[in-house]
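Q: Hi! I've got a structure I'd like to talk through before I head back to the bench. Could you walk me through it?

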Amino acid sequence: MTTTLGRVIAALEAAYPPSAAESWDAVGLICGDPAEQVTRVLFAVDPTESVVDEAIEVAAQAVVVHHPLLLRGVTGVPADDPKGHLVHRLIRASIALYCAHTNADVADPGVSDALAAAIGVTVTGPLSPNPAPPLDVLTTFVPHADAVEVLAALHAAGAGQIGNYRDAAFTVAGTGQFLPVDGANPAIGTLGELEHVDETRVEVVLERRLRTRIVDALRAAHPYEEVALNLHEMADLPSRTGLGRVGVLPEPEPLSAFVQRVADGLPPTVQGVRATGDPDRTIHRVAVSGGSGDSLLKAATAAGVDAFVTADLRHHPASEHAAGGAAVPALVDVAHWASEWPWCEQAAGVVRSAFDGTVDVLVSTRRTDPWTVGATSLTRRTNQR
């Protein structure tokens with residue numbers, strides 16, 4: 001079967017649903033025809049001229065990036081504008097451009113899972129979890145002979161879906177009783193006489209947004225004139241999606257060794273890796289967040305981790321955090337691009353698995369970190385303590 005750009009996008013969006021992106025984000029197809037055939041896809045962090053050069057060199061028909069090209073609204077893409085020039089180059093070369101940004105940040109697995117894996121951290125859950133969809137539990141009572149049909153109607157309406165499982169339910173046999181009075185038109189029983197019926201108690205979980213549809217389906221399928229039901233709202237629960245991840249190292253190690261672990265696990269940059277705290281501090285439980293993560297400093301502290309690995313830490317928030325000493329996590333700051341580059345292989349794996357080798361997937365070798373020159377003073381100018 002021919003693999004089209006549309007099919008590649010469908011595989012990516014199953015892994016990184018666009019609905020999970022922040023409202024301000026700009027994810028999805030930037031340029032390209034979903035009907036066009038695709039045989040090679042290049043994955044990169046940034047949509048830059050260098051990455052487009054690489055895509056042309058390797059004859060890719062699509063480039064998948066993490067960072068949006070057109071994050072803020074534009075009214076045109078003229079060729080004499082840097083971003084417009086890039087769009088024109090892509091179109092002339094028949095190369096599509098697709099972006100998965102904040103939807104990839106919160107996905108399970110997502111950007112932070114890839115970062116954790118790169119530095120040898122086994123993930124146990126999200127650092128800042130998104131709430132799971134609100135759930136209800138519906139209980140109803142059905143004559144034995146009608147239980148299968150009623151349960152099928154509930155499932156058809158969307159009840160009984162839990163994670164990767166569907167048609168879930170709990171049933172138990174029992175005896176129901178009721179007394180029809182004036183005005184009733186009972187399916188079973190006689191007016192004025194207490195009736196006992198062998199019934200099946202049916203319980204299903206449902207997403208709260210489907211409540212009306214599922215209750216309507218129950219009433220349409222149930223044989224009774226008045227349907228007995230209980231509907232309970234479940235307590236809100238965290239999901240497996242969300243920003244950042246928490247995990248553990250195989251064995252505890254000093255901060256100095258952990259910083260070296262991070263440096264060895266990520267691509268080299270001019271910035272390198274820097275950290276706060278005592279180099280001999282023991283690190284075992286770790287939080288990570290790909291990309292800019294100083295908004296998660298409080299979450300990392302609340303998680304009780306020993307270190308927090310992220311990018312773009314600003315001076316004042318980092319300084320104020322570090323003042324907490326051993327009571328707060330050590331901070332490990334890496335380059336933004338380096339923290340998100342491991343995701344490229346994860347996303348490439350999504351397409352590789354979906355098309356079983358019929359689509360070549362490549363991860364960009366271009367370093368698109370904007371910082372290209374660095375230096376360290378050879379003269380001791382301050383008294384460092």
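A: Happy to; we can go from the overall fold to pockets, one helix and one threonine.

Q: Great. What kind of model is it, predicted or not?
A: It's a predicted model, so every value below is computed from predicted coordinates.

Q: How many helices and strands are in the protein chain?
A: The protein chain has 12 helices and 15 strands. Its radius of gyration is 28 Å, well over the 21 Å that the globule rule gives for 385 residues, so the chain is more spread out than a compact globule.

Q: And what does the C-alpha trace span along its principal axes?
A: About 100 × 55 × 40 Å.

Q: How much of the chain is buried?
A: Buried residues are 42% of the 385. As for contacts with a separation of 6 or more, 74% of them link residues 24 or more positions apart.

Q: On to pockets. What volume does the largest pocket have?
A: The largest pocket comes to about 890 Å³. It is lined by 27 residues, and the closest to its centre are Pro133, Gly163, Glu207, Ser239 and Thr241.

Q: Which elements supply that lining?
A: At least two residues each come from α1 (5-15), α4 (102-106), β5 (122-131), β8 and β10 (238-254). The largest share, three residues, is from β10.

Q: How does the lining of the largest pocket divide into nonpolar, polar and charged?
A: You'll find 15 nonpolar, eight polar and four charged residues there.

Q: What about the second largest pocket?
A: That one holds about 290 Å³ of space. Of its 16 lining residues, Phe178, Pro186, Tyr224, Glu225 and Glu226 lie nearest the centre. Strand β7 (residues 170-178) gives the largest share of the lining, three residues, and by class the lining has 11 nonpolar, two polar and three charged residues.

Q: How many cavities of 30 Å³ or more are there?
A: One, with about 30 Å³ of space in it. Leu135, Gly158, Gly160, Gln161, Val205, Leu206 and Glu207 line this cavity. Strand β8 (residues 195-207) contributes the largest share, three residues. Glu207 is worth a second look, as this residue lines the cavity and is also listed among the residues closest to the centre of the largest pocket.

Q: Switching topic: which residues of helix α3 are buried?
A: In α3 (residues 82-92), the buried ones are Gly84, Leu86, Val87, Arg89 and Leu90. An α-helix has 3.6 residues a turn, so residues three or four places apart point the same way.

Q: What covers the buried residues of α3?
A: The cover includes β1 (28-31), α2 (49-57) and β4 (96-99).

Q: And what happens at the start of α3?
A: A side-chain oxygen of Asp81 comes within 3.0 Å of the backbone nitrogen of Lys83 there. After the helix comes Ser94, with a positive phi near 55°.

Q: Last one, Thr368: buried or exposed?
A: Thr368 is buried, because its relative accessible area is 13%, under the 20% cut-off. You'll find this threonine in the segment after β15 (360-363).

Q: Which side chains make polar contacts with Thr368?
A: The side chain of Asp46 does, at 2.6 Å, and so does that of Trp337, at 3.1 Å. Setting aside neighbours within four places in sequence, Thr368 is in contact with Val45, Asp46, Thr48, Val51 and Trp337.

Technical notes. Residues numbered from 1 in each chain as written. Predicted model: local features only at pLDDT ≥ 70, side-chain atom pairs only at ≥ 80, totals over all residues. Heavy atoms only, no water. Buried < 20%, exposed > 50% of the residue type's maximum accessible area, 1.4 Å probe, protein only. Helix = DSSP H or I, 4+ residues; strand = E, 2+ residues; numbered from the N terminus. Contact = heavy atoms within 4.5 Å. Polar contact = N/O pair within 3.5 Å; in protein donor to acceptor, adjacent residues only side chain to side chain. 1 Å grid on protein atoms, 1.4 Å probe; cavity = no way out; pocket = protein on both sides within 12 Å on 5 of 7 lines; lining within 4 Å. Points joined across faces, edges and corners; volume = space filled by probe spheres on them. Rg over C-alpha atoms; globule rule 2.2 N^0.38 Å. Nonpolar A, V, L, I, M, F, W, Y, C, P; charged D, E, K, R; others polar.
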